[in-house]
Amino acid sequence: MIQILPAGIDQIPLVQKMATETWPSAFGKILSQEQLAYMMREMYSTSALKEQMEKKGHRFLIGYEERKALGFTSFETNYLEKPHLKIHKLYILPEAQGKGLGSRFLKALETRGQKEAMKSLELNVNKYNKQALDFYYKMGFKKFREEVIPIGNGFVMDDFSLIKPI
Ligand SMILES: CC(C)(COP(=O)(O)OP(=O)(O)OC[C@H]1O[C@@H](n2cnc3c(N)ncnc32)[C@H](O)[C@@H]1OP(=O)(O)O)[C@@H](O)C(=O)NCCC(=O)NCCS
């Protein structure tokens, strides 16, 4: 049975472990090794995750099957003071992909968004992450913007912004 449960400071090591297992296969062919290492540090160091949880209002959920953590998501409601639920992260372990957990997370986020009077789900995805793009299109998201975001050290995130009304 799959369970989706809230995660906090105590689960930071678990989130870091899952990110380390997911990122190389998701982005190894899209980003340089240097950019991958830089983004892992910037987004998944203990201090960065604490700041996301405690200061930035990002909420985290972990998906478990028989107590084994298989993936995680993080999100923020009222993003930029608008009725949007922004999905910041959504990662499923390579061995658990394609079994329905990603769509379970999206459904859970949609339900939370509706409860909190949000009008849409939004997210950014790397333009070249075809696997994720196909997944989101299948789940009803539409592209509404292209965005090149400087993230420091001369690196950029080359993204599409996607939206799904809820
Ligand atoms: C993208 C990701 C979140 C999808 O989650 P998942 O658990 O693998 O997807 P699901 O099993 O829930 O798939 C849901 C539906 O999308 C479809 N789908 C999934 N991946 C697909 C792909 N690459 N191409 C086409 N359809 C796809 C499935 O067939 C399924 O359709 P169905 O319900 O008709 O069978 C997951 O694969 C992942 O973490 N990938 C690596 C990390 C990443 O890129 N994250 C996104 C960063 S923005």
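## Finding your way around

The strands here are DSSP runs of at least two residues (E) and the helices are DSSP runs of at least four (H or I), numbered from the N terminus. One thing to keep in mind as you look around: this is a predicted model.

Let's begin with M1, which sits in the segment before β1 (2–7). Is M1 buried or exposed? With a relative accessible area of 68%, M1 is exposed, because that value is over the 50% cut-off. Setting aside its neighbours within four places in sequence, M1 still has company: Y64, E65 and E66 are in contact with it. Q35 is another story, lying 37 Å away from M1 in space, C-alpha to C-alpha, with the two positions 34 residues apart in sequence.

## Around the ligand

Now for the ligand. The shell around it holds 21 residues, and those that come nearest are I92, G98, G100, G102 and N129. By type, the shell splits into 10 nonpolar, 8 polar and 3 charged residues.

Where do the polar atoms come in? G102 has a backbone N or O atom 2.7 Å from an oxygen atom of the ligand. At K99, a polar backbone atom is 3.2 Å from a ligand oxygen. Q97 uses its side chain instead of its backbone: an N or O atom there is 3.4 Å from a nitrogen atom of the ligand. On its own the ligand has 930 Å² of accessible area, and the protein covers 74% of that. Four elements each give two or more residues to the shell, namely β4 (84–92), α4 (101–115), β5 (120–126) and α5 (130–138). Which of the elements gives the largest share? That would be α5, with 6 residues.

## A glutamine in the first helix

Next, find Q16 in helix α1, which runs over residues 12–27. The side chains of Q16 and T46 make a polar contact at 3.1 Å. Once you leave out neighbours within four places in sequence, Q16 is in contact with Y44, S45 and L49 as well as T46.

## Aromatic pairs

How many aromatic pairs turn up in a search of the whole structure? The search finds 9. Take Y38 and F155: their ring centres are 5.2 Å apart and their planes meet at 45°, so this pair is tilted. Y38 belongs to helix α2 (residues 33–44) and F155 to strand β7 (residues 155–165), so the pair links distant parts of the chain, 117 residues apart. Both Y38 and F155 are buried.

F72 and Y91 make another such pair. Their ring centres are 5.7 Å apart with planes at 40°, so this pair counts as tilted too. F72 is in strand β3 (residues 68–76) and Y91 is in strand β4, so the pair ties together parts 19 residues apart in sequence. Are these two residues buried or exposed? F72 is buried, because its relative accessible area of 0% is under the 20% cut-off. Y91 is buried as well, since its 14% is also under 20%.

## An aromatic cluster

F72 and Y91 also belong to one aromatic cluster, together with W23, F27 and Y44. You have already met Y44, one of the residues in contact with Q16. Strand β4, where Y91 lies, has come up before too: β4 is one of the elements that give two or more residues to the shell around the ligand.

Note on methods. Residues are numbered from 1 along each chain as its sequence is written. This is a predicted model: local features need pLDDT of at least 70, side-chain atom pairs count only at pLDDT 80 or more; totals for chains, interfaces and linings use all residues. Side-chain values use heavy atoms; hydrogens and water are left out. A residue is near a molecule or strand if one of its heavy atoms lies within 4 Å of it. A polar contact is a pair of N or O atoms within 3.5 Å; within protein, one must be able to donate a hydrogen and the other to accept it, and residues adjacent in sequence count only if both atoms are side-chain atoms. Accessible areas come from the Shrake-Rupley method with a 1.4 Å probe; for residues, only the protein chains shown count as cover. Ala, Val, Leu, Ile, Met, Phe, Trp, Tyr, Cys and Pro count as nonpolar, Asp, Glu, Lys and Arg as charged, and the others, Gly among them, as polar. Contact means heavy atoms within 4.5 Å. Rings of Phe, Tyr and Trp (its six-membered ring) pair if their centres lie within 6.5 Å; planes under 30 degrees apart count as stacked, over 60 as edge-to-face and the rest as tilted. Buried means under 20% relative accessible area, exposed over 50%, partly exposed in between (1.4 Å probe, protein chains only).
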